Amino acid sequence: MKNFKNFPKLTSKKLKLTLHPMFLILGVIMFACGQLNRFLICTFSAVLHELGHSIVASKLGYQMQRIRLMPFGAELHGDTDSFDGKDEIYIALAGPFVNFFICLVILGLWWITPRIY
């Protein structure tokens, strides 16, 4: 377990999760239509995507305050005016990298148990 001593935390004590009112309405509509699983999966992947941005930003020394869930996505709020050009590229690429990793995990699960899908 020594290798995980410097592993980044997935959440910060100061990072908050907020919900847009329309996000809640969308959740209710998706539940009523029998699409709650799809809603939860999309929400989970959006939060992981934004956490990817947040982890890299915090490792580079920037302070992120909150992740806001909206009806069709999420956004990360923080001190974005002071990003260095090179740091901004790393932060921007972190979210799609997390999405790529999620795709690899899903592909691996599909390869192991194709009948489930």
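**A bend in α3 and the packing around α2**

Helix α3 bends by about 25° at A94, and a proline, P96, comes within four residues after that point. This is a predicted model, so what follows describes computed coordinates. Even with the bend, the length of α3 works out: its 28 residues, 85-112, should span 40 Å at 1.5 Å a residue, and the C-alpha atoms at its ends lie 41 Å apart, which agrees. A94, the residue at the bend, is itself one of the buried residues of α3, along with D87, I91, G95 and V98. Part of the cover over these residues comes from α2, residues 36-59. As a rule, residues three or four places apart on an α-helix point the same way, because there are 3.6 residues to a turn.

Stepping back to the whole chain, the secondary structure amounts to three helices and three strands. Read from the N terminus, they come in the order β-α-α-β-β-α. The protein chain has 117 residues, and 25% of them are buried. About 9,100 Å² of surface is exposed, with carbon and sulfur atoms supplying 67% of that. Looking at contacts between residues at least 6 apart in sequence, 61% join residues at least 24 apart.

Helix α2 turns up again and again in the packing. Its 24 residues should span 34 Å at 1.5 Å a residue, and the end C-alpha atoms are indeed 34 Å apart. The buried set in α2 consists of F39, T43, A46, V47, H49, E50, L51, G52, H53, S54, I55 and A57. These residues pack against β1, α1, β2 (64-70), β3 and α3. Just past the end of α2, G61 has a positive phi of about 100°.

T43 gives a closer look at one spot on this helix. Sitting in α2, T43 has a relative accessibility of 17% and so counts as buried. Setting aside residues up to four places away in sequence, T43 touches F23 and L69.

F23 also takes part in an aromatic pair, and a search of the whole structure finds just one such pair. Its partner is F39: the ring centres are 5.0 Å apart and the planes meet at 35°, so the pair is classed as tilted. The pair ties together distant parts of the chain, with F23 in helix α1 and F39 in helix α2, 16 residues apart. Both phenylalanines are buried.

Another residue that meets α2 is L15, in the segment before β1 (16-19). L15 is buried, because its relative accessible area is 15% and the cut-off is 20%. Beyond its neighbours within four places in sequence, L15 is in contact with L51, S54, M64, Q65, R66, I67 and L76. Of these, L51 is 36 residues away along the chain, yet the C-alpha atoms of L15 and L51 are separated by 9.5 Å. L51 and S54 are both on the list of buried residues in α2.

How far can the model be trusted from place to place? The chain has an average pLDDT of 84, and 88% of the residues score at least 70. Among the elements, helix α1 (residues 21-32) has the highest mean, 94, while strand β3 (residues 73-78) has the lowest, 86. Residues 1-12 are another matter: pLDDT stays under 50 there, and the model gives this stretch six contacts beyond four places in sequence. Where pLDDT is low, predicted coordinates should not be read in detail.

Methods
Residues are numbered from 1 along each chain as its sequence is written. This is a predicted model: local features need pLDDT of at least 70, side-chain atom pairs count only at pLDDT 80 or more; totals for chains, interfaces and linings use all residues. Side-chain values use heavy atoms; hydrogens and water are left out. Helices (H or I, at least four residues) and strands (E, at least two) are DSSP runs, numbered from the N terminus. Buried means under 20% relative accessible area, exposed over 50%, partly exposed in between (1.4 Å probe, protein chains only). Contact means heavy atoms within 4.5 Å. Accessible areas come from the Shrake-Rupley method with a 1.4 Å probe; for residues, only the protein chains shown count as cover. The expected span of a helix is 1.5 Å times one less than its number of residues. The bend at a residue is the angle between axes fitted to the seven residues ending there and the seven starting there. pLDDT is the predictor's confidence in each residue, from 0 to 100. Rings of Phe, Tyr and Trp (its six-membered ring) pair if their centres lie within 6.5 Å; planes under 30 degrees apart count as stacked, over 60 as edge-to-face and the rest as tilted.
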